[in-house]
Amino acid sequence: MSFEPTIPSTGLTGWAFLQSTYDRQFEHFNKDPILERDNEYFMENIKKVKTAEDLVSDYRLLDVALNAFGLASEIDSKAMIQKVLEDGSEADDALANKLGDDRWIDFTNAFGFGPGLVPVTGLTYRMQEIADKNVVQSFEDAVGQQDVSMQIALYAERELVDLVTFDDEGEELSITGQWLNIIGQPQLQTMMQTALGLPSDLALLDIDQQMEVLQDASKKRFGSDDLTMFSDPEQMTKLVNTYLARSELDAYQSSNSSASLALSLLQA
């Protein structure tokens with residue numbers, strides 16, 4: 001990409017700058033010629049795709065498709081991707097449901113190659129949604145090249161509320177369902193653990209124990225374990241600011257620990 005987002009500093013100061021300049025920076029990024037060509041290719045050719053194998057066989061199409069869901073790093077796992085697409089997500093034993101990352105479920109649902117489904121690759125508006133998501137995800141990835149915590153914060157602002165409000169059938173999620181969705185999204189799980197002051201190895205516990213710890217910590221920090229509270233912009237701001245402040249503190253402490261260790265080794 002020829003345009004790199006400008007982030008003058010880390011932490012809350014850098015975040016405030018990114019927020020205030022987001023629209024202008026995103027507009028410039030959206031005009032990147034490589035990004036424009038990739039999306040044009042996708043829109044011109046995705047309608048020709050009739051099977052999962054067709055999609056996996058076209059590297060440029062697959063790159064846009066995966067990147068739209070934050071899965072671009074998996075592009076070389078073609079056999080797995082094809083199976084994810086062909087399995088769909090309806091069956092409990094479908095591969096997308098076993099991977100522990102709900103982005104795969106969103107990915108397979110976006111194309112409709114699963115058993116008994118009709119592919120939606122011919123629906124221009126559905127494919128345009130994927131192309132648009134590719135731009136947003138690409139911008140967030142570019143931000144992440146400079147500051148991963150800000151990339152995660154942008155993703156949370158974009159996805160968290162929808163993720164904890166309704167299920168795939170449009171029914172309101174229970175509080176248990178809300179937290180299961182958070183645990184199923186690696187970026188949001190990281191954000192919640194950090195914002196709540198929980199250790200990264202929490203993920204080593206079984207799902208029920210993770211949810212219990214997360215819900216208890218959320219009640220203490222935010223006064224509730226009902227994640228729909230973040231539909232309130234003030235609560236979302238509080239979550240993001242807490243996460244960014246803790247991330248910066250963790251990075252500072254880690255840097256100091258590394259420096260102290262290096263000094264001790266030199267002195268020894």
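## Salt bridges, pockets and nonpolar cores

Glutamate 159 is partly exposed, with a relative accessibility of 21%; buried here stands for under 20% relative accessible area, exposed for over 50% and partly exposed for what lies in between, using a 1.4 Å probe and protein chains only. The model is predicted, and for that reason local features need pLDDT of at least 70 and side-chain atom pairs count only at pLDDT 80 or more, whereas totals for chains, interfaces and linings use all residues. Residues are numbered from 1 along each chain as its sequence is written, and side-chain values use heavy atoms, with hydrogens and water left out.

Seven salt bridges are found when the whole structure is searched, each being a side-chain nitrogen of Lys or Arg within 4 Å of a carboxyl oxygen of Asp or Glu. The table lists three pairs, including the one that contains glutamate 159.

| Salt bridge | N to O distance |
|---|---|
| Glutamate 159 and arginine 158 | 3.1 Å |
| Aspartate 87 and lysine 83 | 3.2 Å |
| Lysine 219 and aspartate 225 | 3.9 Å |

Arginine 158, the partner of glutamate 159, is partly exposed at 25% relative accessibility, and a network of salt bridges links Glu140, Arg158 and Glu159. Aspartate 87 and lysine 83 lie about one helical turn from each other, because they are four residues apart in helix H5, residues 78–87; helices are DSSP runs of H or I with at least four residues, numbered from the N terminus. Lysine 83 is partly exposed at 44% relative accessibility. In the bridge between lysine 219 and aspartate 225, the lysine 219 end is partly exposed at 44%, while aspartate 225 counts as buried at 11%.

The largest pocket holds about 1,100 Å³ of space. It is lined by 39 residues, of which Asp102, Ile105, Asp106, Leu163 and Asp168 come closest to its centre. At least two lining residues are supplied by each of the helices H6 (95–98), H7 (102–109), H8 (124–144), H9 (148–163), H10 (175–183) and H12 (207–222). By class, this lining comprises 14 nonpolar, eleven polar and 14 charged residues.

For the second largest pocket the volume is about 310 Å³, and among its 16 lining residues the closest to the centre are Asn67, Gln137, Asp141, Gln145 and Gln151. H8 provides the largest share of this lining, five residues, and the classes divide into five nonpolar, nine polar and two charged.

A pocket is an open set of points on a 1 Å grid over the protein atoms alone, where a 1.4 Å probe fits, with protein on both sides within 12 Å along at least five of seven lines, and its lining residues have an atom within 4 Å of a point.

The largest nonpolar core, a set of buried residues joined through side-chain atoms within 4.5 Å, contains 42 residues, and Leu160, Met192, Phe230 and Leu239 have the most contacts inside it. Helix H1 (11–30), H8, H9, H10, helix H11 (186–195), H12 and helix H13 (233–267) each give this core at least two residues, and the most, eight residues, comes from H9. Beyond its neighbours within four places in sequence, leucine 160 is in contact (heavy atoms within 4.5 Å) with Tyr155, Ile182, Leu188, Met192, Leu227, Phe230, Met236 and Leu239. A second core, separate from this one, has 31 residues, among them Ile46, Leu61, Leu95 and Ile105.

Methods:
Points joined across faces, edges and corners; volume = space filled by probe spheres on them. Nonpolar A, V, L, I, M, F, W, Y, C, P; charged D, E, K, R; others polar.
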